[in-house]
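The following exercises concern a protein–DNA model and are each followed by a worked solution. Please examine the sequence and structure before beginning.

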2 protein chains.
Amino acid sequence: MRRPTLEEVAAAAGVSKMTASRALRGAADVSKDSILKVREAAERIGYVGNQLALSLSAQRTNLIGVVVPSLSNVVFPEVLSGISAVLEGTGMQAVFGLSDYDPDKEREVIRNMLSWRPSAMIVTGLDQPDETLRLLRQADIPIVQLMDLDGEPVDFNVGLSHGAAGEAMGRALLTTGRRRIGYVGSGLGRDLRAAKRKRGFEMSLRQADLSLEAEEVAPDFSSPSLGKRLTRALLLKAPELDCIYYSNDDMAAGGVFACMELGIAVPDRLLIAGFNGLEIADALPVRIATSHSPRREMGETAARLALQAMTPERERLERIVAFTPRITLGSE
Amino acid sequence: MRRPTLEEVAAAAGVSKMTASRALRGAADVSKDSILKVREAAERIGYVGNQLALSLSAQRTNLIGVVVPSLSNVVFPEVLSGISAVLEGTGMQAVFGLSDYDPDKEREVIRNMLSWRPSAMIVTGLDQPDETLRLLRQADIPIVQLMDLDGEPVDFNVGLSHGAAGEAMGRALLTTGRRRIGYVGSGLGRDLRAAKRKRGFEMSLRQADLSLEAEEVAPDFSSPSLGKRLTRALLLKAPELDCIYYSNDDMAAGGVFACMELGIAVPDRLLIAGFNGLEIADALPVRIATSHSPRREMGETAARLALQAMTPERERLERIVAFTPRITLGSE
DNA sequence: TACGTTATCGATACCGGTATCGATACCAAT
DNA sequence: ATTGGTATCGATACCGGTATCGATAACGTA
């Protein structure tokens, strides 16, 4: 008692498999009478088409593989939502995979996805090891590398320069007169983009003959709790700081909470700066500085690019789409 | 210049397709010599297996379809992470779909997934329309319904009773002596589980001859910003409230921020209660009451159940796994 | 009446794997 | 020399669709 096949629908409708196939797809060369009979039969016995057979036969799938490092960081669910929204109604279907920030796992996830013969792939970042890049290149489908911009893409690239974003935030903070600057971050070994922001940030300080007075970094995943804990630790070591740069807004929110508990005026005495422009930053009772990264738009753009790259239009597409995060200082 | 097939690997290795197939799968009846030749050839020409052909031939896939309403609510990414983690290394692969809280869209997403012949399905909630339920039943694979518990499952059910959770929170709040109670919520038309919690909550009030003094509900998606805005509006209408129940912790966090700005002491003057036990609740500078829902565990349990249900063990499995959220009042 | 056109349909091959079973070679035992 | 067992291999069928092309019937026209 398996799932009914087209053959069975055809038998129930008293026509051949081919006629049934044509009838259900709305193809030409079928009489109205046959169409009705086949539709009725399919409905009656609960026929659901088989994409495996269809895709094998058609030599292409309606799948777009998407690999992100994690879902814990709100950034990625938002990117995925953007991708999903654009694909909606196009007949294309996103398939998500998680790499957990682990390059080996990422390679296996990608290899797995490629075995489903997706029509395009969207992956996070530009820092894949050679073997992974080779897999992607050999797949001979449009590849979109997402989020990051500092590097040479396999094919298409949608993102922003995290180095430049860190540097821009550094310069912006310096214009507010802050000089005693600290850093709080998490998981820099894995989160390469946060590490790039930090390097860019430090570079901007050096150009002003400054450097980070203190920093506190933990290997854990980023979260408000961790941000709070590390901020307390940092302020114990370096109570004179007038500004702290965080690896992202989650951590920065924790910084805000720490300051509230310690009675430190934000942003008057201590300016707090994050990254992402998360929704939570808007709701906080005090303003923080942040770079607004267009996460959803990047997802949407990547999906659109993937769709277009599957058409002959492919040749005429820009290979790199650069976004620039908008900085708000929140202090004024 | 398509992707190389097994046939081509076989030709390059000087053996037949069957021998190549056996060699790559590590099956019996192949000489060491052939294995080496085939492996080398496959590596050299960059062969990647074709799951379409494999699954069509084997009459089963390694796919588990998962449908959630959204990724905007942190709850669902956590559930998905749990599912992903359990499936890791089992050879099974989760495929995610989004319904956007839209029953029609959910039905189409499910229909789409079924056309890939997944080996199991995990869907959110028990409130699917009949047509969707029929699709799921006819698929003749293990179906796990997730998150919710108030209803009759198709097959397996993992979740918690949101009605009971709301009621329990109501009773708990009453024991603290609070009597003037308000409600702040969002999107109750779509978020059926939040609506169930509210109903349970109101029932517990009625049992104490009380009712909600005021409520503020908006159709938007839940967020700290919305929680903040609605809290301000509610406190304008009903400044004497000593307790507010929120549709979830995101909204409750916004309530905390509103109180901070209004100079209202939390929890001394106003007790704030949410749902979920989100990470952010721990980091807030003041304590709120919340029900800790084991989101990740529910995902893990659902995945484990799906895996077991695909084995002969199926008959011996509990069909309903009930979780009970742990309530913390935060006030003491 | 013979013929071309059009509408409709179905037989067959194919997509890229795997299950199955028969074929072959080699060796040991009788 | 015959037999039987073992190791290795390949031909074939099949999974469930669709593309392709030839077949058939109905019809109008020369």
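**Exercise 1.** Identify the side chains that approach phosphate oxygens of DNA strand C, and then describe the surface near this strand.

*Solution.* Begin with B:S21, which has a polar side-chain atom 2.2 Å from a phosphate oxygen of DNA strand C. For B:R25, the corresponding distance is 2.9 Å. In A:S16, a side-chain N or O atom lies 2.8 Å from a phosphate oxygen of the strand.

The model is predicted: local features need pLDDT of at least 70, side-chain atom pairs count only at pLDDT 80 or more, and totals for chains, interfaces and linings use all residues. Residues are numbered from 1 along each chain as its sequence is written, chains are lettered from A and ligands numbered from 1 in the order in which they are written, and side-chain values use heavy atoms, with hydrogens and water left out.

Next, consider the elements (DSSP runs numbered from the N terminus; helices are H or I with at least four residues). Helix 2 of chain B contributes the most to the surface near DNA strand C, namely five residues; "near" requires a heavy atom within 4 Å.

**Exercise 2.** Characterise the interface of chain A and chain B.

*Solution.* First, count residues: each chain gives 53 to the contact (heavy atoms within 4.5 Å). Second, take the buried area (accessible area, 1.4 Å probe, lost on being put together, summed over both parts): about 4,600 Å², 59% of it on carbon and sulfur atoms. Finally, the interface has two salt bridges (Lys or Arg side-chain nitrogen within 4 Å of an Asp or Glu carboxyl oxygen). B:K105 and A:E88 form a salt bridge at 3.2 Å, N to O.

Definitions and conventions
A polar contact is a pair of N or O atoms within 3.5 Å; within protein, one must be able to donate a hydrogen and the other to accept it, and residues adjacent in sequence count only if both atoms are side-chain atoms. Helices (H or I, at least four residues) and strands (E, at least two) are DSSP runs, numbered from the N terminus. Buried area is the accessible area (1.4 Å probe) that two parts lose on being put together, summed over both.
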